Amino acid sequence: MARLFEYQGKTIIEDAGISVPRSEVISTADEAQKAAERIGFPVVLKSQVWVTGRASAGGISFAESQDDVFAHATRMLGALVKGQQVLKLLIEEKLDIASEYFLGMTIDDVRKRPVMMLSTRGGTGIEEIALKWPESIARMHLCPDRDIYDFEARDMLRRVGIRGVEQKKLIPIIMAFWAAARKYEARSAEINPLVQTKDGRFMAADCRMTIDDYAEFRHTDRGIEIAREFDRPATSLERIAYGIEAGDYRGTFYFFQMTRDFEKGEGVIGFHGAGGGGSMMSMDALLKRGYKLANFCDTSGNPPSSKVYRAARIILAQKNIDGYFASGSGVASQEQFHSARGLVKAFAEEGLSAPAVIRLGGNAEEVAIEILRRFSAYWPAPLEAYGKDDSPEFCAERLSVLLEKPDIASEWKRFDFPSSVSYSFRTITGRVDFDHERCLKCEEKPCIDACAKQILKLTDGVPRLAIAEDAAAKGRCTECLACELECHLLGNRGIKIELPISGLDDEAAS
Amino acid sequence: MSILIDETKRVLVQGITGREGMVRTKLMLDYGTKVLAGVSPGKAGEIVHGLPVYDTVVEAIERESHFDLSVIFVPGPYVKNAAFEAILAGIPLVVLIPDRVPIYDVLAVSELASEHNARFIGPNTLGVMSPERALMGMIGGRSRFVRENFQRGPVGVVSRSGGITTSIAYYLNKIGIGQTTIMHVGGDPIIGINLAQAVELFQEDDETKAVVMFGEIGSTQEEQVASLISDGKFNKPLVAFIGGAAAKHGMRFSHAGAIIEQGRGTHESKVKALQEAGCFVVENFGEIPEITRDVLRTL
């Protein structure tokens, strides 16, 4: 559920025909003064943050003069409101309010329909009102595939006692509200309060809207940075992670940070889950042992090795983690060696220095565990791998044993990637490079056997594509990473698979 | 018996030539599922794992006679169209495997399904398996793995998490308790057959003696199950585990959701509702097999 800021939501409902107060979005105190000048005093300064109850948390101020505006804007910009940093303020005309209403919609999972709600008791405390006096809120279930009729809006209004002129004025607002919510595929939307001014106009004094993440591709004009459920703006690492997910439809990769600005030794663990239910249980197992989690990460739905590799790189970019814990559902239907290879490439390239426990239970887990074991000399930290018969609690216990006296090697093997490239082909999200001079000297040619899709074959004694280049680029090469890993373990180190992560290298540099 | 899927059900695969469609069709066939044909626009005439591919669902029905269900493996944005095609062609059960299906698309599928007396499972589901009979979707994996680890028996399993569905079944099997059917209802907020409706199906199934359910925070599905039991519509023993006890509550953004949920949807409310309805709510996931065994012994 991607959240929209108040000003974004107001743009949507204003476009649909609902009046909103005159306002401007600003991000400096100077801009605030200029905006107030144009709007006219008195004005309201409203912090643009994704929380309810802004007023009581110091997120809303009133100003009568330019000095007031400057002082408030200076104080509010950059401040925290319920833990969220304020980057933008909405400067808005102050309304003369006569009465406040509530108009909202959400999706009812029982009826499997959107439901609209209307109450004459808007403003703060609407949830308590709903619990105490449920009858004071009119509800109406809606057809997801059509607008509502005026008589439907009228009936909702009369059910909460709104008649006459007010009823007439509110009908088009209710119709427009649902039309906007439907158009933008809102998971929830609300105008609270919907105010009637003393001169009889109805205006949306606030607007909160969440948009379905999976429909974001149909609404790219809405300025949603990350179509994910975040209760705060995304961190730079989260933005990088989302870039990976947005560019690769295979499987699911979800990442968010839970602890930031921590030091080594604070017991903060990099977490890598697979599947929601198993991830939650695995996180619980760590939390019960007193660890903190640097992040939540889920790679599931049969992601390719390349996606798991990128996820692991993102987790390892949190430099001060004390351990790496990967644990999913335990009995996965997906073949676990894809994840194992992704982890191995990331751990080897990064020189994993935090002890790791990897629980890859399910299909082909023995192959997965064997892969992790075979490459264990390529990073300095100890790593233990487990399968479906080992519980998350047991694996968390193993991690704590490893962390008690971390046995970090001072010497370890590194991948010796070729420095020159004589042949390469593109894959869905990267590129496979070969140094055929090295390949010519390779006796084993393990890359050929390793390629499960059989898209590599020996031509003139060196590995080349057995299929058309564009077929490989469109996904026949599944980026399973097997050729590269086997080449470095058993062959003559002639392959390098480039899987760029946009933004991560800059991030590391800063 | 079993619910939803067995070896007699005639299965169509939509999106059979895609990455997952192709792989999963093979695994379904290997396990004995009666997959008879596939649909992939523009690919009529191709053969996938020995099965004919047709351009449309109607064409598949014209050539192969009726289907009991269709399993859909097309990317999320195209799922609505594929589901509409199956429902309008008269297929009574549609399984939406993919994730990332827009929620308004799911609502539209739900409306159409009700109009046509069809049912759907998912989206974002691993699928359904009736051990030693048949499976649909991505559940289980390689047929050898499935044969070794999942056996027929008296327990129905239903879960909101895909991986946990197979985990529960595996750990039950380890102490010798097999299953009639194991079902992942799907991980999305709006889904077709939900926990409560699955539990009702298990009520109708004579072979199912008890049900194990994995619930999660969010939505009101577990509370709906509790209501079913209180209303006498489900009277078999139910062992439940609710995940997410330690999950931190997201800062609320919308009042609208809270008004509709009225305090339901939390870990506490789900556990309380199920306990009051007489379910065996276990605190540790690892206790599920033994508690289930004890429950079966009392029958």
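**Exercise 1. Burial and pairing of β9(A)**

Task: In this predicted model, determine how many residues of β9(A) are buried, and establish which strands β9(A) pairs with.

Solution.
1. Five of the seven residues of β9(A) are buried, and the strand is thus described as mostly covered.
2. On one pairing, β8(A) and β9(A) are joined by seven bridges in the antiparallel sense. A:Met105 has A:Met116 of β9(A) as its bridge partner.
3. The connection between β8(A) and β9(A) is a hairpin with four residues between the strands. In the turn, A:Lys112 has a positive phi of about 55 degrees.
4. β9(A) also pairs with strand β10 (residues 137-141) of chain A, in the antiparallel sense and over five bridges. Here the bridge partner of A:Met116 is A:Met140.
5. A:Met116 is therefore a bridge partner of A:Met105 and of A:Met140; strands of a sheet pair through backbone hydrogen bonds, either parallel or antiparallel.

**Exercise 2. The contact between chains A and B**

Task: State how many residues each chain gives to the contact, and identify which element provides the largest share of the side of chain A.

Solution.
1. Chain A gives 62 residues to the contact and chain B gives 57 residues.
2. On the side of chain A, the elements that give two or more residues include β8 (97-108) and β9 (113-119), the two strands of the hairpin in Exercise 1. The others are α4 (126-132), β11 (186-197), β13 (208-211) and α8 (276-288) of chain A.
3. The largest share, eight residues, comes from α8(A).
4. By class, this side of chain A has 23 nonpolar, 22 polar and 17 charged residues.

**Exercise 3. Two open sheets of chain A**

Task: Give the strand order of the sheet that holds β2(A) and of the sheet that holds β21(A), and name the edge strands of each.

Solution.
1. The sheet with β2(A) is open and has four strands, in the order β2-β7-β3-β4, with antiparallel pairing. Its edge strands, each pairing on one side only, are β2 (23-26) and β4 (60-63) of chain A.
2. From one strand to the next, the twist of this sheet averages 20 degrees.
3. Between β2(A) and strand β7 (residues 89-93) of chain A there are four bridges, in the antiparallel sense. A:Val25 has A:Leu90 of β7(A) as its bridge partner.
4. Helix α2 (residues 29-39) of chain A packs on this sheet and touches β2, β3 (43-47), β4 and β7 of chain A. The direction of the helix makes about 20 degrees with that of β7(A).
5. The sheet with β21(A) is open and has three strands, in the order β21-β22-β25, again with antiparallel pairing. Its edge strands are β21 (423-426) and β25 (495-498) of chain A.
6. In this sheet, neighbouring strands are turned by 15 degrees against each other on average, direction ignored.
7. Strand β22 (residues 431-434) of chain A is joined to β25(A) by four bridges and runs antiparallel to β25(A). The bridge partner of A:Val432 in β25(A) is A:Ile497.

**Exercise 4. The buried face of α11(A)**

Task: Explain why the buried residues of α11(A) line one face of the helix, and state what covers them.

Solution.
1. In helix α11 (residues 365-374) of chain A, the buried residues are A:Glu365, A:Ala368, A:Ile369, A:Ile371 and A:Leu372.
2. Viewed down the axis of α11(A), these residues fall within an arc of 155 degrees, so they line one face of the helix.
3. The general background is that an α-helix has 3.6 residues a turn, so residues three or four places apart point the same way.
4. The cover over the buried residues of α11(A) includes α10 (337-350), β19 (356-359) and β20 (383-386) of chain A.

**Exercise 5. The surroundings of B:Ser159**

Task: Decide whether B:Ser159 is buried or exposed, and list which residues it contacts beyond its neighbours within four places in sequence.

Solution.
1. B:Ser159 is found in strand β10 (residues 152-159) of chain B.
2. The cut-off for a buried residue is 20 or more other C-beta atoms within 10 Å. B:Ser159 has 30 other C-beta atoms within 10 Å and is therefore buried.
3. Apart from those sequence neighbours, B:Ser159 is in contact with B:Ile164, B:Thr165, B:Ile168, B:His184, B:Met213 and B:Phe214.
4. B:Ile242 is 83 residues from B:Ser159 in sequence, and the C-alpha to C-alpha distance between these two residues is 9.9 Å.

Methods:
Residues numbered from 1 in each chain as written. Chains lettered and ligands numbered in written order. Predicted model: local features only at pLDDT ≥ 70, side-chain atom pairs only at ≥ 80, totals over all residues. Contact = placed C-beta atoms within 7 Å. Nonpolar A, V, L, I, M, F, W, Y, C, P; charged D, E, K, R; others polar. Pairing = 2+ DSSP bridges. Axes fitted to C-alpha atoms, helices over the stretch in contact; angles between N-to-C directions. Buried ≥ 20, exposed ≤ 12 C-beta atoms within 10 Å, placed from the backbone. Arc of directions from axis to C-beta.
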